[in-house]
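Q: Here is a structure that is new to me. Please pick one part, look at it closely, and tell me what surrounds it.

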Amino acid sequence: MFFSPEQVAQTRERTLNNLLGLSATCISASQRLSDLFSAASRDALHLGSKQFAQFGHGQLDSLTGFPAILWLENSVRTTKLLDSAYEILGETHKSLIQSAEAQVRAFDEIVFATIHRAARNSPWEGEIALAAMRTTLETAEQTLHGMSAAAIETVDLAENQVHQISENLTEDGTTTRPNRRGRTTSK
């Protein structure tokens, strides 16, 4: 029940490709989060310096509305920041789910090859049991695929809910965002 060198190489290649794709997704998400938080920090510093410049120029009448204005501006920026961060994390989560499913498929192919080899060298009673094992494994793989699809839909739903909450909390509700199919929607 040894595997051919081609099967071993294919399995290793699939595993490495899964890990490479997962690593690339994590690196991309890290970069996007770093860019997002850097931009948010720059905006906060710019806004803060602008407000302090008003104080420096003797515009003391802005002191009466300062706390409310500051809170409103910060809440809008923070809401948009959280919406963007959640979108990045949702995409990363979906990629993790897909990568795990692909790795399970690669492992299942090894098991299928083992069952096939064992069935060729077994008596007919053993072939029946091995066929039942293969059917069970195929059913489990289909169930895993369905669960992965449901998990991805759940992440999409959560992303949309966070986006709707974010949109409701911000003053400007005309932001556009691509939906799951890549089309742009606006509210």
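A: Rings of Phe, Tyr and Trp (its six-membered ring) pair if their centres lie within 6.5 Å; planes under 30 degrees apart are stacked, over 60 edge-to-face, the rest tilted. This structure holds 0 such aromatic pairs. The model is predicted: local features need pLDDT of at least 70, side-chain atom pairs pLDDT 80 or more, while totals for chains, interfaces and linings use all residues. Residues are numbered from 1 along each chain as its sequence is written, and side-chain values use heavy atoms, without hydrogens or water.

The chain has 3 helices and 2 strands (DSSP runs: H or I, at least four residues; E, at least two). Their order from the N terminus is α-α-α-β-β. Of the 187 residues, 22% are buried (under 20% relative accessible area, 1.4 Å probe, protein chains only).

Now the close look: aspartate 108. This residue belongs to helix H2, residues 66–120. Aspartate 108 is buried, yet has no salt bridge (Lys or Arg side-chain nitrogen within 4 Å of an Asp or Glu carboxyl oxygen). Its nearest side chain of opposite charge (Lys and Arg positive, Asp and Glu negative; His and chain ends not counted) is arginine 105, 7.9 Å away. Leaving out residues up to four places away in sequence, aspartate 108 touches Leu137 and Glu141 (heavy atoms within 4.5 Å).

Elsewhere, arginine 134 has its charged end over the ring of phenylalanine 112, 4.4 Å from the centre (CZ of Arg or NZ of Lys within 6 Å of it and 35 degrees of the ring normal). Isoleucine 88, with the same sequence neighbours left out, touches Ala29, Arg32, Leu33 and Leu36. Across the chain, 69% of contacts with a separation of 6 or more join residues 24 or more positions apart.

Notes: Buried < 20%, exposed > 50% of the residue type's maximum accessible area, 1.4 Å probe, protein only.
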